[in-house]
Amino acid sequence: MQRISKGKAFTALAVVGALALSACGGGAKPGKATEDKPVDSLKFYNDKGGWKDAFTQVGAASKKDIGVGMEPVGYSDANTYTAFIRSSFRTKEKADLFSWHTGKELQDLVDQKLVAETTDQWTKAVADGNVPEQLKQYFTFDGKQYCVPLNAGYWVMYYNKAVFKKAGITETPKSWAELTQVADKVKATGVKPFYQTNILFSFVWFETLLAGKDPDLYDQLAAGKAKWTDPGVVEVMNEWKKMIDAGYFSDPGAKTEPQAQLKNGDVAMINFGTWFSGNLNTLKMKPGTDYDFFVIPNVNPALPKTSMIFETGPVCSAAASDHASTVKKWTDWWLTPQAQTAWANSRGDLSFNPKAEVKDPGLSKLNKDVGGDGYRLINRWFEATPVPVATKALEVFGAFVTKPGDPMPGLQKIQAEADAYWAKQK
């Protein structure tokens with residue numbers, strides 16, 4: 001999952017979870033593909049209607065490079081799209097290409113043998129340096145890979161350069177202590193240091209603090225191997241409360257879009273995925289001139305690697321596709337630097353492929369850096385956390401940032417939801 005529509009997110013969480021359970025309950029059958037029929041164009045069903053222009057550009061590029069075009073069929077409503085894809089497996093015409101979600105949603109399709117295996121493609125892509133090894137685990141089930149990456153967004157701290165200049169900040173922070181100093185300088189000028197919201201993205205600062213303090217606990221919590229009431233989680237919530245009480249955050253109930261808040265100088269910094277560059281560019285802000293970003297330092301300076309929150313979504317194909325050879329030809333191309341250069345620059349974003357030639361210098365450097373050994377990739381909280389648990393946690397986080405207090409009652413509510421969820425999994 002990439003950009004999440006705030007208005008539909010809570011409904012999407014509930015419906016996707018319900019559909020996942022209903023699909024697991026029966027009805028969908030993998031079936032068998034008929035004789036392979038090569039074609040010169042594939043339809044790519046996706047839940048990213050806003051990316052139509054970028055997909056169209058990529059389709060033209062693939063037609064030119066390998067003789068196989070790609071026609072995007074976009075949906076803007078998550079519920080409608082999820083229902084369509086799940087029902088398509090029961091029809092004669094299976095989706096050749098479709099976007100999906102990592103985590104439990106992808107596992108559901110794999111368990112039912114509905115999506116094509118891509119182990120050989122992953123082995124070659126990793127060996128060729130076209131996909132970071134660390135990404136593979138999020139597409140792996142029982143030792144085999146399924147689907148290929150659609151994108152990769154790395155979460156960094158965007159900042160308004162004019163606000164920094166006014167506050168006398170000449171260098172970006174390299175430690176958490178320095179980040180706090182930057183926040184104090186910005187606050188002294190009358191500007192709120194950080195953006196915060198009480199709706200969908202209310203999870204961002206919990207994610208940042210926990211992953212930067214104890215990434216092992218972060219992973220254990222997502223896997224049900226730690227409790228939301230454990231001391232390490234409580235410490236993070238209390239640290240978050242201290243930051244709120246210190247006046248570091250914007251009004252969480254503000255209706256102004258975050259990109260406008262950053263452009264207007266209402267906030268100095270926003271913690272978002274690299275897709276946010278596109279949002280800022282749409283407002284005619286220039287990277288490196290009006291805005292820039294920096295890697296968020298760890299809360300715990302003793303950690304051996306910098307925790308880098310990332311999000312990725314898969315491009316999948318139905319296991320029973322009639323056009324399997326063409327699908328493989330296209331997805332082989334999709335993993336290459338040539339394809340990913342076209343894809344990244346069509347959206348003003350970066351790519352999962354470190355070799356992609358990204359025009360934005362800052363994004364280009366980040367794209368290469370995260371493929372090295374200095375970073376530990378951390379799956380974004382929204383994808384890492386089971387749907388029922390995430391739904392309850394978002395409710396608790398929203399209330400917490402609106403009226404911060406003792407975090408334990410809220411954590412107990414989340415843990416109760418987690419207990420119920422993990423008990424069903426066993």
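What follows is a walk through this structure, from its overall build to its aromatic pairs and inner spaces.

First, some ground rules: this is a predicted model, in which local features need pLDDT of at least 70 and side-chain atom pairs count only at pLDDT 80 or more, while totals for chains, interfaces and linings use all residues. Residues are numbered from 1 along each chain as its sequence is written, and side-chain values use heavy atoms, with hydrogens and water left out.

Let us start with the chain as a whole. The protein chain has 18 helices and 11 strands; these are DSSP runs numbered from the N terminus, with helices (H or I) of at least four residues and strands (E) of at least two. The C-alpha trace spans about 70 × 50 × 40 Å along its principal axes. For 426 residues a compact globule would have a radius of gyration near 22 Å, and the chain agrees, with 22 Å. That radius is taken over C-alpha atoms, and the globule rule is 2.2 Å times the number of residues to the power 0.38. Of the 426 residues, 54% count as buried, where buried means under 20% relative accessible area, exposed over 50% and partly exposed in between (1.4 Å probe, protein chains only).

To get a feel for distances, take Val163, which sits in helix α6 (residues 161-166). Val163 has a relative accessible area of 9%, so it counts as buried. Asp419 is 256 residues away from Val163 along the chain, and their C-alpha atoms are separated by 45 Å.

Now to the aromatic rings. A pair of aromatic rings is described by the distance of the centres and the angle of the planes. Here, rings of Phe, Tyr and Trp (its six-membered ring) pair if their centres lie within 6.5 Å, and planes under 30 degrees apart count as stacked, over 60 as edge-to-face and the rest as tilted. By this rule the count comes to 44 aromatic pairs. One of them joins Tyr195 and Phe272 in a tilted arrangement, 6.0 Å centre to centre with 45 degrees between the planes. Tyr195 belongs to the loop between β7 (192-194) and α8 (204-213), and Phe272 to strand β8 (residues 267-273), so this pair ties together parts that are 77 residues apart in sequence. Both Tyr195 and Phe272 are buried.

A second pair, Trp240 with Phe397, is edge-to-face, at 5.6 Å centre to centre and 65 degrees between the planes. Because Trp240 lies in helix α10 (residues 231-245) and Phe397 in helix α17 (residues 387-402), the pair ties together parts that are 157 residues apart in sequence. Trp240 is buried at 0% relative accessibility, and Phe397 is buried with a relative accessible area of 0%.

A ring can also host a charge: Arg347 lies over the face of Trp51, at 4.1 Å from the ring centre. The rule asks for NZ of Lys or CZ of Arg within 6 Å of the ring centre and within 35 degrees of the ring normal.

Next come the inner spaces. On a 1 Å grid over the protein atoms alone, a cavity is a set of points where a 1.4 Å probe fits but cannot get out, a pocket is an open set with protein on both sides within 12 Å along at least five of seven lines, and lining residues have an atom within 4 Å of a point. Grid points are joined across faces, edges and corners, and a volume is the space filled by probe spheres set on the points. The whole structure holds 3 cavities of 30 Å³ or more.

The largest cavity has a volume of about 110 Å³, and among its lining residues are Trp155, Thr208, Ala211, Gly212 and Asn271. Its lining takes at least two residues from each of α8 and β10 (306-316).

The second largest cavity, of about 80 Å³, brings back familiar names: its lining includes Tyr195, Trp240 and Phe272. Strand β8 gives the most to this lining, with 3 residues. Helix α8 itself has 9 of its 10 residues buried, so it is largely enclosed by the rest of the structure.

Finally, the second largest pocket holds about 410 Å³ of space. Of its 23 lining residues, Val115, Ala116, Glu117, Thr118 and Gln121 lie nearest its centre. Helix α13 (324-334) is one of the elements that supply at least two lining residues, and α13 has the largest share, 4 residues.
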